[in-house]
Amino acid sequence: MSDGYYIDASSFLEVTSELADFIMQEKLGNKYENYIYEDEDEVINYTKAGQEMFDDYVGDIEGYLGAVGIVHEDQEENK
């Protein structure tokens, strides 16, 4: 395997966030609506429980990506 694939911060955040939300929707099905709400600015947010679940999935995804050498660009400095 190569030294690693380093992804810029905004792309890494976007990919991990999109995957985490996708997994939540897949696992929760219709119950996904119970973990989100729309604020006064019409922005969709997670409830406290939804945010905790999302954060857990982001951590899992970062672990999976790291296991195959795909990491955030900041980790390149820590080689």
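Strands, like helices, are DSSP runs numbered from the N terminus, with at least two residues in a strand and at least four in a helix. In this predicted model, the loop between β2 (36-38) and β3 (44-46) holds E42.

**Overall fold**

The protein chain contains two helices and four strands. Their order along the sequence is β-α-β-β-α-β. The radius of gyration of the protein chain is 15 Å, whereas a compact globule of 79 residues would have a value near 12 Å. Along the principal axes, the C-alpha atoms occupy a box of roughly 45 × 25 × 15 Å. Of the 79 residues in the protein chain, 24% are buried. Among contacts with a separation of 6 or more, 64% join residues that are 24 or more positions apart.

**The helix pair**

Two packed helices are described by the angle between their axes and the distance between the axes. Here the pair consists of helix α1 (residues 9-28) and helix α2 (residues 48-67), whose axes come within 9 Å and cross at roughly 120 degrees. α1 is therefore oblique to α2. The crossing of the two helices is right-handed. On the α1 side, the contact is made by F12, T16, S17, L19, A20, D21, I23, M24, K27 and L28. On the α2 side, the residues are G50, M53, F54, Y57, V58, I61, E62 and L65. By class, the residues of this contact are 12 nonpolar, three polar and three charged.

E62 of helix α2 is one of the residues in this contact. With neighbours within four places in sequence left aside, E62 is in contact with F12 and T16. E62 is nevertheless partly exposed, at 38% relative accessibility.

E18 lies in helix α1 and has a relative accessibility of 54%. E18 counts as exposed because that value is over the 50% cut-off. Its C-alpha atom is 9.2 Å from that of V58, a residue 40 positions away in sequence.

**Residues in the loops and at other sites**

What is unusual about the phi of E42, given that E42 is not a glycine? The phi of E42 is positive, at about 65 degrees. E42 is also exposed, with a relative accessible area of 63%.

V68 sits in the loop between α2 and β4 (70-72). At 46% relative accessibility, V68 is partly exposed. A49, which belongs to helix α2, is partly exposed as well, with a relative accessible area of 39%.

**C-alpha separations**

The table sets out separations in sequence and in space for the residues discussed above.

| Pair | Apart in sequence | C-alpha to C-alpha distance |
|---|---|---|
| E18 and V58 | 40 residues | 9.2 Å |
| A49 and V71 | 22 residues | 27 Å |
| E62 and E42 | 20 residues | 29 Å |
| V68 and V43 | 25 residues | 34 Å |

E18 and V58 are 40 residues apart along the chain, with 9.2 Å between their C-alpha atoms. V68 and V43 are 25 residues apart in sequence, and 34 Å separates their C-alpha atoms. The exposed loop residue E42 is 29 Å from E62, C-alpha to C-alpha.

Notes:
Residues numbered from 1 in each chain as written. Predicted model: local features only at pLDDT ≥ 70, side-chain atom pairs only at ≥ 80, totals over all residues. Heavy atoms only, no water. Axes fitted to C-alpha atoms, helices over the stretch in contact; angles between N-to-C directions. Parallel < 35°, antiparallel > 145°, perpendicular 65-115°, else oblique. Left-handed = near helix turned anticlockwise from the far one by under 90°. Contact = heavy atoms within 4.5 Å. Nonpolar A, V, L, I, M, F, W, Y, C, P; charged D, E, K, R; others polar. Rg over C-alpha atoms; globule rule 2.2 N^0.38 Å. Buried < 20%, exposed > 50% of the residue type's maximum accessible area, 1.4 Å probe, protein only.
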